[in-house]
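The following report concerns the packing of nonpolar and aromatic side chains.

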Amino acid sequence: MLPATIHRSPEVGWGAGMTDFLPHPNAEGLVKLSGTIRNLKVTRNRACFVFTESDQTKMGVIAIASAMVDMGGQAMSTAANASAMEEEADFLEFELDGKPVKGWVWWNPFKEGDEVEVAVEWRGEHYEFCAVARPEDKIVALYPHCSRGSASHWRNAWKWWISGTSLALFFCGGLMEIWGRFIYDWSPFFNEKMGSIMVLGFVGFFYPVFALMTCSLARKWMPFVRLSEKVFRAFGWEKPASVDLVKRSKEGRKGDEKPEYGVFYFRY
């Protein structure tokens with residue numbers, strides 16, 4: 001179970017009932033509750049949702065990984081906080097038809113009086129949610145780093161592996177062509193056969209290497225992918241493994257959304 005350690009910030013105050021340590025939702029036994037948001041309190045704060053101190057040196061690599069698998073929000077947030085291991089998120093506290101509900105979302109698009117559905121787990125004194133959805137306009141906000149099911153996550157990772165490696169091959173080939181034509185005549189040393197061998201060597205070496213890198217980096221996000229699937233199942237969505245909220249948000253864009261839309265909160 002990954003911890004979300006809360007750090008006192010001078011810019012924001014503590015929310016009512018907000019503790020120094022809030023466990024990461026383990027998503028076991030999630031249930032769906034529906035109702036109207038009352039007494040909403042939103043606290044913008046910094047917390048470590050992903051990494052322990054031993055992972056600090058890896059954060060720059062993870063930021064690159066996020067970009068590779070089309071997680072722009074993750075990449076920006078991780079890169080910006082690489083030295084502090086902390087990310088900004090919204091801590092929400094509200095009542096849902098008299099039931100106390102608390103939890104983290106990356107960005108809060110909800111307001112007092114909204115009719116919502118929440119995927120929650122009982123914590124002894126309150127419900128802790130992993131996601132909040134508003135059926136009226138199909139807006140959903142989830143625990144940070146959650147947006148895709150496993151099938152969509154891996155499909156997206158391999159898509160970026162193929163396109164990224166192919167772009168690198170095209171770029172290197174173009175540089176060699178420009179160098180050979182305009183800067184230095186390689187013809188005494190290389191012929192077409194040698195050029196073909198070099199291209200095949202590049203493909204044979206870098207494609208498998210980048211495949212292993214992609215696999216390793218994509219696996220680091222699997223705890224959040226599994227949590228996402230459990231949320232999708234709690235909401236009753238079809239084919240949870242295939243849900244891709246980033247893609248759905250792009251397809252459902254209406255043109256008047258905030259910049260955080262499609263990155264920190266989504267449309268389902």
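The largest nonpolar core, meaning a set of buried Ala, Val, Leu, Ile, Met, Phe, Trp, Tyr and Cys residues joined through side-chain atoms within 4.5 Å, has 30 residues, and those with the most contacts inside it are Val140, Leu142, Val231, Phe235, Trp237 and Leu245. At least two residues of this core come from each of β4 (87–96), β7 (127–134), β8 (139–142), α5 (222–235) and α6 (245–251), where helices (H or I, at least four residues) and strands (E, at least two) are DSSP runs numbered from the N terminus; α5 gives the most, with six residues. A second, separate core of 18 residues includes Ile37, Phe94, Phe110 and Val116.

This is a predicted model, in which local features need pLDDT of at least 70 and side-chain atom pairs count only at pLDDT 80 or more, whereas totals for chains, interfaces and linings use all residues. Residues are numbered from 1 along each chain as its sequence is written, and side-chain values use heavy atoms, with hydrogens and water left out.

Aromatic rings of Phe, Tyr and Trp (its six-membered ring) pair if their centres lie within 6.5 Å, and count as stacked with planes under 30 degrees apart, edge-to-face over 60 and tilted otherwise. The structure holds 12 such pairs. Trp237 and Tyr268 form a stacked one, at 4.8 Å centre to centre and 20° between the planes. Trp237 lies in the loop between α5 and α6 and Tyr268 in the segment after β9 (266–267), so the pair ties together parts that are 31 residues apart in sequence. Both partners are listed below, buried meaning under 20% relative accessible area, exposed over 50% and partly exposed in between (1.4 Å probe, protein chains only).

| Residue | Relative accessible area |
|---|---|
| Trp237 | 15%, buried |
| Tyr268 | 18%, buried |

Ring pairs also link Phe49, Phe91, Trp104 and Tyr143 into a cluster.
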